[in-house]
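Work through the exercises below with the sequence and the 3D view at hand. Each task is followed by a solution in steps.

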Amino acid sequence: MKNREKLLKTNEYDILLQMNARLTWLKPSVCVMDLLENRSGICECPVNVKDCEDCISQWLNKEADK
């Protein structure tokens, strides 16, 4: 199986959680949502909680910006 196929078969939520875990391990002040939302990189959680799983879930379920 190619990496492309593995990614396509993996749940987006799981991928984002894995990316966030590795990113926050390397640089605790940055989260994957900062990168996706093009924010300042200081973990500005849009739901104002430090619950990354909930934050990522809410982001996946909201309407996309144009």
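## Exercise 1: Glu53

Glu53 counts as partly exposed because its relative accessibility is 47%; buried means under 20% relative accessible area, exposed over 50% and partly exposed in between, with a 1.4 Å probe and protein chains only. The model is predicted, so local features need pLDDT of at least 70 and side-chain atom pairs count only at pLDDT 80 or more, while totals for chains, interfaces and linings use all residues. Residues are numbered from 1 along each chain as its sequence is written, and side-chain values use heavy atoms, with hydrogens and water left out.

Task: state which helix holds Glu53 and which residues Glu53 touches, not counting residues up to four places away in sequence.

Solution.
- Step 1. Glu53 sits in helix α4; helices are DSSP runs of H or I with at least four residues, strands are runs of E with at least two, and both are numbered from the N terminus.
- Step 2. With residues up to four places away in sequence set aside, Glu53 touches Tyr13 and Leu17, where contact means heavy atoms within 4.5 Å.
- Step 3. Leu17 and Glu53 are 36 residues apart in sequence, yet their C-alpha atoms are 7.0 Å apart.

## Exercise 2: the chain as a whole

Task: find how many helices and strands the protein chain has, and what share of its residues is buried.

Solution.
- Step 1. The protein chain has four helices and zero strands, in the order α-α-α-α along the sequence.
- Step 2. Of the 66 residues in the protein chain, 21% are buried.
- Step 3. Among contacts in the protein chain with a separation of 6 or more, 31% join residues 24 or more positions apart.

## Exercise 3: helix α2

Task: compare the expected span of helix α2 with the distance between its end C-alpha atoms, then find which residues of α2 are buried and which are exposed.

Solution.
- Step 1. Helix α2 covers residues 12-26, and its 15 residues should span 21 Å at 1.5 Å a residue; the expected span is 1.5 Å times one less than the number of residues.
- Step 2. The end C-alpha atoms of α2 are 21 Å apart, which agrees.
- Step 3. Ile15, Leu16 and Asn20 are the buried residues to note in α2. They lie on the same side of α2 because they cover an arc of only 130° around the axis, taken from the directions from the helix axis to the C-beta atoms.
- Step 4. Arg22 and Trp25 are exposed on the other side of α2.
- Step 5. The cover over the buried residues of α2 includes α1 (3-9), α3 (32-36) and α4 (52-61).
- Step 6. At the N-terminal end, Asn11 caps α2, with a side-chain oxygen 2.7 Å from the backbone nitrogen of Tyr13.

## Exercise 4: Asn20 and the core

Task: say whether Asn20 is buried or exposed, and which residues make up the largest nonpolar core.

Solution.
- Step 1. Asn20 counts as buried because its relative accessibility is 5%.
- Step 2. Beyond four places in sequence, Asn20 touches Cys31, Val32, Cys52 and Ile56.
- Step 3. The largest nonpolar core has six residues: Leu16, Cys31, Val32, Met33, Cys55 and Ile56. A nonpolar core is a set of buried Ala, Val, Leu, Ile, Met, Phe, Trp, Tyr and Cys residues joined through side-chain atoms within 4.5 Å.
- Step 4. α3 and α4 are the elements that give two or more residues to this core.

Conventions:
A polar contact is a pair of N or O atoms within 3.5 Å; within protein, one must be able to donate a hydrogen and the other to accept it, and residues adjacent in sequence count only if both atoms are side-chain atoms.
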